[in-house]
Amino acid sequence: MVSTYLSYDLINRDMKTSLSRVAQQSMTARQTEYYKENIGKVKTVDEFLDNYQLYTYAMEAFGLSDMSYAKAFMKKVLESDLNDSNSFANKLTDTRYRQFAEAFNFSTPTSTLQSDSQLEAMIGLYNTNVADADSAITEENRYYNVMIKTIDNVDKLMQNERLRSYTLSVFGIDQQYFSYANIRGLLTSDTDDPNSYFNITYGAKYGANAARLAEINTTLTEITGRATAITKVSDLNSAITKGDALQVQIDAAQEELDNGGDEETLTAKIEDLKTQLASVWSKVSVTDRDAAQAAITTNQALIDDYNTRLPAVGTETTALTTKLNTEKTTLTKTNSDLDVFRALADAFDFNADGTVTPGSAQTEENRLVMNNAYILTNPRSTIAKAELERDYFLSKINAITSVEQIAGGGGVTGDARLLAYIQTAFNLTDATIMPATIKNILTADLSDPNNYIATVGKNDERYIALRNAFNFQSDGTLADGTLPQTSEQSRITNMGYMSYHNDKDEAADEKALASFKTQIATVTSLSTFMTNTSVYSYALKAVGLDPNTESERTIKEVLKSDLQDPKSFVYTLKDERYVKLAELFNFKSDGTIGAPVLAQSELDVQTVAAAYINGRSAFGTEDEKTLAKKESEYYTEEIQKIKSLKDLLGNARLLAFAMEAFDIDPASVTTEQLYKIFTSDLDDPKSYINTEADTSFRRLVTSFNFDTQGNLMREDRASIQNRSGLYETLDNYLQQTLETQAGEDNAGVRLALYFQRMAKDTTSYYTILGDTALQKFITTTFEIPDEMANAEVDTQVTMMKKYFDIEDFQDEEKVKKLISRFTVMYDMVNGSYNPTLAMFSGSTTISVDTLMAVATLSSSR
């Protein structure tokens, strides 16, 4: 008779060949083929349970054939939410049920619009775009400056999308709806030539608009003039009435004084009345009654003159004013657009036929103006923009002679650009800070304790700093020979500006992100995404797209694209920004929310992380356990960022974690070998993974969602079994069949094969006592009497500890020695027959909690 060890060794020495031999058996091959062809057709748990061949195949694969009758029980297992520690499968002590449930997709999939890693990626992209804004502007200016010198025909400019976009951006022309012919005509126009495209197309219209605007302004001025004159006449008449009353009082007091009244009292009264009278005339800008009457006559003449040309005061005039202002707005906008067209034409020197000598399409002066204008088109305050504003400030400030030239007032138009620079430099951008505020600060007399800064500004440090940075006198002028700022004052101002210039942008960014995080929870479909301004705007800006100019139809199609399909819409755009946008969200093709496309499913990530922690924690120190948990947290977070096999193979830390979770030594295989393993065809028996690699690699590979090209595959949640679950079932079935068949000839061989398979995962003596087959292996190996099974559990554990250290199960050489000892002891005790076969009905007995669960389900029917 062949010994148990020899029979075991014949199988184990080349396990791959042994399993292949079983796979080729007609019955096994037929059952496996049926399972592979039909499991994908099953849509519900009831369909699965009702298909005897599929159901029993899977149950056998996970060593649960003895529970095949308990369909109600298994349905609860399969429908368990494995993310919930209190779910049915997770509460069962027999881990085979959780492993069985993990292999299927019957629990509700986790649908999320955006995962944590996608949110993190989006924020990172947004911040990167902000940080790269200066570089992007510099690069676009560089490209424009180089390429514009090579242009010898206007069509080459128009057909170069990058140059065209740059040019239209500078002039604020809509890049979606511009007319090629119109822009081409403008670029080839000489605005001084009456026969040029610009003048023929727009010249007459511009002139007519300007003439009509002049008429409108004249009429509006007259309407305002008449209203002012009417008010003036009314005020003057009121003043005359008040003046006459005061004069009567003055005359009466004077008469009383002349008749011997109290001189002191009456004199004082008369003086007071005269003061009041002077105030009345002063308020209407006259000196006495005669002057007031003359002013009435003058203003009435104006009114009468206006009335000859204007409608009656009241509703007619109000309606006319509204009509004229509306027309004025339209004409002003039209001529403003034509001014842009004129500026565009003047910026280039193309001939009427569109040709130009290379290098002569634009003067150096106009090119520099274009560069600076492009910098200013960016809505953010970039470093380049800040430097441009600083240069403007330095070029203008010392030509200023009064505060009004900065802040306006006194009939002088201020310089809004200088004013904004100063306000930013001293962090005075509050909504309550007006031009008059700046003027009052700059003219405050700090030697006067009752100055504006002290009384109104409450000695705000910003106010004081601004006042000390300029040399204006209290009347807003400069003393002879004094400049608005010294070089030191300018240096302080410029430092302030460069420090504060982007504060508003940064605050807006924080507000936008906070709003996105709040509003994203309200998005339930692609439609609500498109209509939620906060979410839509932030998402597009994050990838460098302008939410104000992008076509909504394009964005919808992008977000519905299947990133795993190279022919999907997003790839036809040939723009990486759209691909990035699609990667940030999880919309299905119908616009509903789906699950994220991940390198590993959430369940596989949990399984891998748990396996890693268990492997490190079972016999590790507290420090090792802490480190294992830390590594697990890192893996769980970072694996979500992996987008391809290349990413995974390039991350040694993640790769090592995954391999060690599957008991693979990272040092035992090269990156090149791993690439071949991951890109192998799992269904081809001749592929690299099936011929060269250890079976552990199949479990590693199928836990990831990479195709044979190394790209991510979208997990098919419509299928009840994902890739890892399918191949785990197929491999388990072969292993179970191999062990079963070996046991038909020699139960000891089956026990040895079973122990070899289970040893690594057995980390507790109590696990052995809960598994009849493992317990039989141990009692046989160490000649422990069967009667010990009746002893207290703790007594049995104490006895086992005397015979072996369970940590030895992690040592491959010690496991071999245990198996060798077992086979010898088995043959000594059993000879050619042993009832040990009874120990195997799905490899282990039914645990107490399983029986209780079945009983509960049965009684509830």
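In this predicted model, glutamate 783 lies in the loop that runs between helix α42 (772-781) and helix α43 (793-803). The phi angle of glutamate 783 is near 55°, a positive value in a residue other than glycine, and with a relative accessibility of 53% glutamate 783 counts as exposed, because the cut-off for that class is over 50%. A positive phi is also found at aspartate 663, where the angle is near 60° and the residue is again not glycine. Aspartate 663 is placed in the loop between α35 (652-661) and α36 (671-678); its relative accessibility of 48% falls between the limits of 20% and 50%, and aspartate 663 is therefore classed as partly exposed. Most residues other than glycine have a negative phi.

Turning to the interior, the largest nonpolar core comprises 68 residues, of which Phe48, Phe100, Phe104 and Phe704 touch the most other members. When residues up to four places away in sequence are not counted, phenylalanine 104 touches Tyr35, Ile39, Phe48, Ala58 and Leu78, together with Ile720 and Gln721. A second core, separate from the one just described, consists of 35 residues, among them Ala752, Tyr765, Ile768 and Tyr826.

Two arginines were also examined. Arginine 226, which is found in helix α14 (residues 197-258), is buried yet has no salt bridge, and the nearest side chain of opposite charge, that of glutamate 316, is 8.4 Å away. With neighbours within four places in sequence left aside, the contacts of arginine 226 are Ile303, Tyr306, Asn307, Leu310, Pro311, Ala312, Val313 and Thr317. Arginine 699, by contrast, is partly exposed, because its relative accessible area of 39% lies between the limits of 20% and 50%. Arginine 699 belongs to helix α38 (residues 696-702), and its C-alpha atom is separated by 9.4 Å from that of glycine 725, although the two residues are 26 residues apart along the chain.

The packing of two further helices was then considered. Two packed helices are described by the angle between their axes and the distance between the axes. The axes of helix α39 (residues 723-745) and helix α40 (residues 747-758) come within 5 Å of each other and cross at roughly 150°; since angles over 145 degrees count as roughly antiparallel, α39 is therefore roughly antiparallel to α40. On the α39 side, the residues that meet α40 are Gln735, Gln736, Glu739, Thr740, Ala742, Gly743 and Asp745, whereas α40 contributes Ala747, Val749, Arg750, Leu753, Tyr754 and Arg757.

Note on methods: Residues are numbered from 1 along each chain as its sequence is written. This is a predicted model: local features need pLDDT of at least 70, side-chain atom pairs count only at pLDDT 80 or more; totals for chains, interfaces and linings use all residues. Side-chain values use heavy atoms; hydrogens and water are left out. A nonpolar core is a set of buried Ala, Val, Leu, Ile, Met, Phe, Trp, Tyr and Cys residues joined through side-chain atoms within 4.5 Å. Buried means under 20% relative accessible area, exposed over 50%, partly exposed in between (1.4 Å probe, protein chains only). Contact means heavy atoms within 4.5 Å. Helices (H or I, at least four residues) and strands (E, at least two) are DSSP runs, numbered from the N terminus. Lys and Arg count as positive and Asp and Glu as negative; His and the chain ends are not counted. A salt bridge is a side-chain nitrogen of Lys or Arg within 4 Å of a carboxyl oxygen of Asp or Glu. Axes are lines fitted to C-alpha atoms, for helices over the stretch in contact, and angles run from 0 to 180 degrees between N-to-C directions. Angles under 35 degrees count as roughly parallel, over 145 as roughly antiparallel, 65 to 115 as roughly perpendicular and the rest as oblique.
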